[in-house]
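This report goes through one protein chain for a reader who has not met it before. It begins with a single strand and its neighbours, and then turns to the chain as a whole.

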Amino acid sequence: MTDATSPCADGVFANLIDGAWVRSSTGDLFADINPADTTDVVGQFQASSKEDAERAVAAAAAAFEGWRRTPITTRARILTRAADHLEANAGRFAEELTREEGKPLPQSRDEVLRSAQTLRFYAVEGQSLTGETFVNDDPDMDVFTVREPLGVCTVITPWNFPISIPARKIAPALITGNTVVFKPSSDAPLSGFRLAEALAAAGLPKGVLNFITGSAGAIGAAITEPAVVRAVSFTGSTRAGEHIHRAVPFTTRTQMELGGKNPLIVMEDADLDKAADLAVKGGLSLSGQACTGTSRILVMASVRDAFTDRLLEKVRALKIGNGLTPGVDLGPLATAGQLDTVLSYVAQGKREATHLYGGDCLSGDEYDRGYYVTPAVFTDVTQDMRIAREEIFGPVLAIIAVDGYADAIAKANDTDYGLAAAIATRDPRLMHAFARDIQAGTVKINRTTTGNLINAPFGGLKRSSTSTFRESGRTGLDFYTQTKTVYRGC
Ligand code: NAD
C-alpha cells in the first residue's frame, strides 16, 4: 500500500482507511467515465484488493469501542458539519454527479441537498432513541431496555443514487455509534467519495468510516463475510443482494433493498392526462433507472387508447441530452452495460408485444459519444412476456390492458417483486382498497411510483427486500441497534 498525501491528486481518488487517504496495495486504478461523453474521464479510483478490504474492516473494528462511547452530541455535530459541507459545495458536487451518472443537473442538485438533509435528520432523530420500562412484582427492581450499536456495518450501494443512498445508510449507522466500511458502485464512485470526504473533514475519528472502491469480485466477500461485520446494508440488484444475504454468517444482520417491477394502475375514472404524467415522470425520469420506476402500466381496456395517445404525446416531447445542458429531461443511460440491457429488452419487446415508440440509439453530434436511447413504449403486453416480468431498469414502458379493479390487482401482484406501486383514480373506495390489496412496500395514490420521504420508512416486499428492517425515517435507526433488557435490583 502506498500512502497518498491527499484525498485526490491528479484526478486519482484515494481510499479512506483508518483515517488516512491511501492508494490500493495493487497500485491498480479504474476509470469513472461520463456516460454522456465517454471521452470525459471523471476520475481514477482505487482497484482495491482483498488485503485493502481486510484493513478497512480491521480499522472499523478497532475504532468501534471509542466511537460508541463518543457523546451523542459530538456524533450529531459531525453529521451536521458534513451536511454544511455538502450544502456549501452543492453546485460542484451536483455537476460531478451528473458527469459520472448522467442524470439532469437539477436532479443531481436535489440529490446532494437531500443527502445533506438526511445527515441533519439523523443528527436530530438519533438523539431521540429510547427504550421501554416494564412493571414487575419486585419493588426494588427496575426493568428496562437499552439500545446499543452493533459494531462494524458494511454499506454497499448502487450507481443510480450515488450519494443519497449512501447517506441514508451511513448517517443512521454513525449516529447510533457503529463504525462503517463503505463501498460505492464502481460506475459512480465520486459522489460517495464526496460524502466520505465531508464526514472525514467534519471530524470523524480515524477508522470510524472507511471508504473503499473496487470490484465486487475482489473485495465483496472480504467486507461482507467476516464475522466481525455485524451488519450489511445493501442496495442493488436482487441477484447480488440474495447472494450476499446467503453468504454472510448467521450472526450478521442484512438489510437488502433490491429490484422492482413497479405497476401503475389507471382506472376508468382517472384524470387520463394526469395519469399519463404519472407514467412519464414515474417511468422515465432518471431514464427509467430508478428502483421504484414505473415499468408496467395496467390500464382499463375501455380507456387504454385514450390514455396511450396522451402518453405517447408526452413521451415524444421529452428532450434527451447531456444532463449538464439546461432543459434536458432525460440524460443518457449510466453505462454501456445498461445500454446493452435496454436494447436487448427492446428487441425482446418487439418480438413479443406491439411496439409503439422508441427504444432507438440516438446518433449524431453529442449522441455519438454517450449512451443515449429514446424511451420505448409497448402495448398489448401480457403477463407471460419477459418485458412484463423482468426488471429492465431502463426507459421501457409496458402497457397491459385490464378489465376492472380485481383484474388489475391480480396482474399487478403477479410478480416476484414488491417495491412500489401506484393507482390513478378519483374513487376513495378504490384508494382504500388499493392500499390494502397491493403487495408493495411503497403505495402511491395519484402520485408517481418514484419518490420517498426522508422521514418515512422505505423498503419493499417479496424479492424487492429482505423484509427485515426498513430504511429511512426513524425506522432507519432500528437496523443499526440491538436491544438489551436490563433487570436492575438493589
Ligand atoms: P448491482 O447489484 O450490480 O451492484 C450494487 C452494488 O453492489 C455495487 O456497489 C456492486 O459493486 C456491489 N456488489 C455486487 N455484487 C456484490 C457482492 N457479491 N459482494 C459485495 N458487493 C457486491 O446493482 P446496480 O447495477 O449498481 O444497481 C441497479 C440495481 O439496484 C437495480 O436492480 C435496482 O432496482 C436496484 N436498486 C434498488 C433500490 C432500492 O432501494 N430497492 C434503489 C436503487 C437501486
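## Strand β20 and its surroundings

Strand β20, residues 420–424, has 5 of its 5 residues buried, so it is largely enclosed by the rest of the structure. The model described here is a predicted one. Cover is found on both faces of β20: Ala420, Ala422 and Ala424 are buried on one side, and Ala421 and Ile423 are buried on the other. In a regular strand, side chains alternate between the two faces of the sheet.

Strand β14 (residues 262–266) runs parallel to β20, and 3 bridges join the two. Within this pairing, Ile265 has Ile423 of β20 as its bridge partner. Strand β21 (residues 442–445) also pairs with β20 in the parallel sense, over 4 bridges. Here Ala422 has Lys444 of β21 as its bridge partner.

## Strand β17

Strand β17 covers residues 376–379. Ala376 and Phe378 point one way from β17, Val377 and Thr379 point the other way, and all are buried. Strand β16 (residues 354–357) pairs with β17 in the antiparallel sense over 3 bridges, and His355 has Phe378 as its bridge partner in β17. Strand β18 (residues 396–402) runs parallel to β17, with 3 bridges between them. Phe378 has Ala398 as its bridge partner in β18.

The strand pairs described in this report are set out below.

| Strand pair | Sense | Bridges | Bridge partners or opposite residues |
|---|---|---|---|
| β14 and β20 | parallel | 3 bridges | Ile265 and Ile423 |
| β20 and β21 | parallel | 4 bridges | Ala422 and Lys444 |
| β16 and β17 | antiparallel | 3 bridges | His355 and Phe378 |
| β17 and β18 | parallel | 3 bridges | Phe378 and Ala398 |
| β5 and β6 | antiparallel | 5 bridges | Ala31 and Gln44 |
| β7 and β8 | antiparallel | 2 bridges | Thr133 and Phe144 |

## Two open sheets

An open sheet of 4 strands has the order β1-β2-β6-β5, with mixed pairing. Its edge strands are β1 (8–9) and β5 (29–33), each of which pairs on one side only. Strand β6 (residues 41–46) runs antiparallel to β5, and 5 bridges join them. Ala31 has Gln44 as its bridge partner in β6. Helix α6 (residues 189–201) lies across β2 (12–13), β5 and β6, and runs at about 65° to β6.

Another open sheet has 3 strands in the order β7-β8-β23, and its pairing is antiparallel. The edge strands are β7 (133–134) and β23 (481–489), and each pairs on one side only. Strand β8 (residues 141–149) is joined to β7 over 2 bridges, where Thr133 stands opposite Phe144.

## The whole chain

The chain contains 14 helices and 23 strands. Its radius of gyration is 23 Å, close to the 23 Å that the globule rule gives for 490 residues, so the chain is as compact as a globular protein of that length. The C-alpha trace spans about 75 × 65 × 40 Å along its principal axes.

Of the 490 residues, 57% are buried. The chain exposes about 19,000 Å², of which carbon and sulfur atoms supply 51%. Among contacts between residues at least 6 apart in sequence, 72% join residues at least 24 apart.

The chain is divided into domain 1 (2–258 + 465–489) and domain 2 (262–453). Their C-alpha centres lie 31 Å apart. Where they meet, 24 residues of domain 1 are in contact with 28 residues of domain 2.

Key
Residues numbered from 1 in each chain as written. Predicted model: local features only at pLDDT ≥ 70, side-chain atom pairs only at ≥ 80, totals over all residues. Heavy atoms only, no water. Buried < 20%, exposed > 50% of the residue type's maximum accessible area, 1.4 Å probe, protein only. Pairing = 2+ DSSP bridges. Contact = heavy atoms within 4.5 Å. Axes fitted to C-alpha atoms, helices over the stretch in contact; angles between N-to-C directions. Rg over C-alpha atoms; globule rule 2.2 N^0.38 Å. Areas by Shrake-Rupley, 256 points an atom, 1.4 Å probe, with all protein chains shown as cover. Domains from an automatic or database assignment.
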